[in-house]
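Visitor: I would like to learn how to read a ligand site. Please take me through one.

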Amino acid sequence: MLTEVPSEVQQAVSAFLQTTMPSVALKDFSFVSGGCINSAGKLKTTAGDFFLKWNLAGKYPRMFENERSGLQHLRQPAVIDIPEVLTAGQAGSFQFILMEFIAKAPIAKRYWEMLGERLAQLHRVTAARFGLDHDNYIGSLPQSNAQHDAWIDFFIHERLGPQLQLAYNTHRIDPSWLHAFEGLYPKLRSLLSDEKPALLHGDLWSGNLMVNEKGEPCLVDPAVYFGHREMEWAMTKLFGGFHEAFYASYHQAFPLQPGYDDREDIYTLYPLLVHLNLFGASYKLSLDSILRKYS
Ligand SMILES: Nc1ncnc2c1ncn2[C@@H]1O[C@H](COP(=O)(O)OP(=O)(O)OP(=O)(O)O)[C@@H](O)[C@H]1O
């Protein structure tokens, strides 16, 4: 028995593996650090290694069904490496997800160029409307994907609005913040550009970017929806940014519309509000300076 993994999860995983890979046995489990929300690690079996995550089922309903669906959306066009999910579900009071284990190799010489080219290809996958057919999570917070025809409406009503309301309801901000955002919204109509709804990872920062066994980029832990690809760019820039070769190769493969630099801060409002709600007041300073810039 692997003492680190709850017995209900172990039983469910072994039952699943037995049906798909007869005579497989669990050998060992070691925790993988990096995530904040779930328990996660490498599950060694006689049929190879897998990545297993779990948490208490009541805490974040359907979190792993949503993660499975998000990873499947990103894998489907087969343009960038995304781990294959074997199964996800509930086991007693736990929920879990089992997927391909991404083993690291030394980083490829063209890693950042590959990431730029492949993300550009992913963003060429489009949908008729902004949003998705189901809601999911951004980190541990619910993320609404109710569909809209216009990007601006989606951005205001499904991205900024709900996070702002949550921050207000939990007393992280006072009413003056609500007024400041209300004042910003009409200006966004002329500031933001429109584009076809693009398939986005949705939470693309360095913590969700891995190096796979070929040394190439692999994306994990998404918050998928169809949105404006400038959102994805802004997210990558938030905590120090990716290597400049990534931005150059993406732009060459699929140029952004002129004036992106003037819009970048607007897009960072969403991840900053999410961080305010998840981690507290230290993010208010950055939010405040963006609001002032556009007031
Ligand atoms: N398929 C995988 N194979 C190997 N390692 C993985 C895999 N997926 C994720 N990891 C590693 O495990 C760490 C935690 O995973 P993940 O980010 O999915 O955790 P989480 O708790 O769900 O999310 P968060 O980072 O939002 O707290 C990642 O930072 C990454 O290093």
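Guide: What follows is a short walk around the ligand. This is a predicted model, where local features need pLDDT of at least 70, side-chain atom pairs count only at pLDDT 80 or more, and totals for chains, interfaces and linings use all residues. Residues are numbered from 1 along each chain as its sequence is written, and side-chain values use heavy atoms, with hydrogens and water left out.

Visitor: Which residues come nearest to the ligand?

Guide: A residue is near a molecule if one of its heavy atoms lies within 4 Å of it. Here 18 residues surround the ligand, and C36, N38, K53, I102 and D221 come nearest.

Visitor: What is the make-up of that shell by class?

Guide: Ala, Val, Leu, Ile, Met, Phe, Trp, Tyr, Cys and Pro count as nonpolar, Asp, Glu, Lys and Arg as charged, and the others, Gly among them, as polar. The shell has 10 nonpolar, 5 polar and 3 charged residues.

Visitor: Which polar backbone or side-chain atoms does the ligand meet?

Guide: A polar contact is a pair of N or O atoms within 3.5 Å. A ligand oxygen is 2.7 Å from an N or O atom in the K53 side chain. A ligand nitrogen lies 2.8 Å from a polar backbone atom of I102. For G207, a polar backbone atom is 3.5 Å from a ligand oxygen.

Visitor: How much of the ligand does the protein bury?

Guide: Accessible areas come from the Shrake-Rupley method with a 1.4 Å probe. Alone, the ligand exposes 620 Å², and the protein buries 91% of that.

Note on methods:
A polar contact is a pair of N or O atoms within 3.5 Å; within protein, one must be able to donate a hydrogen and the other to accept it, and residues adjacent in sequence count only if both atoms are side-chain atoms.
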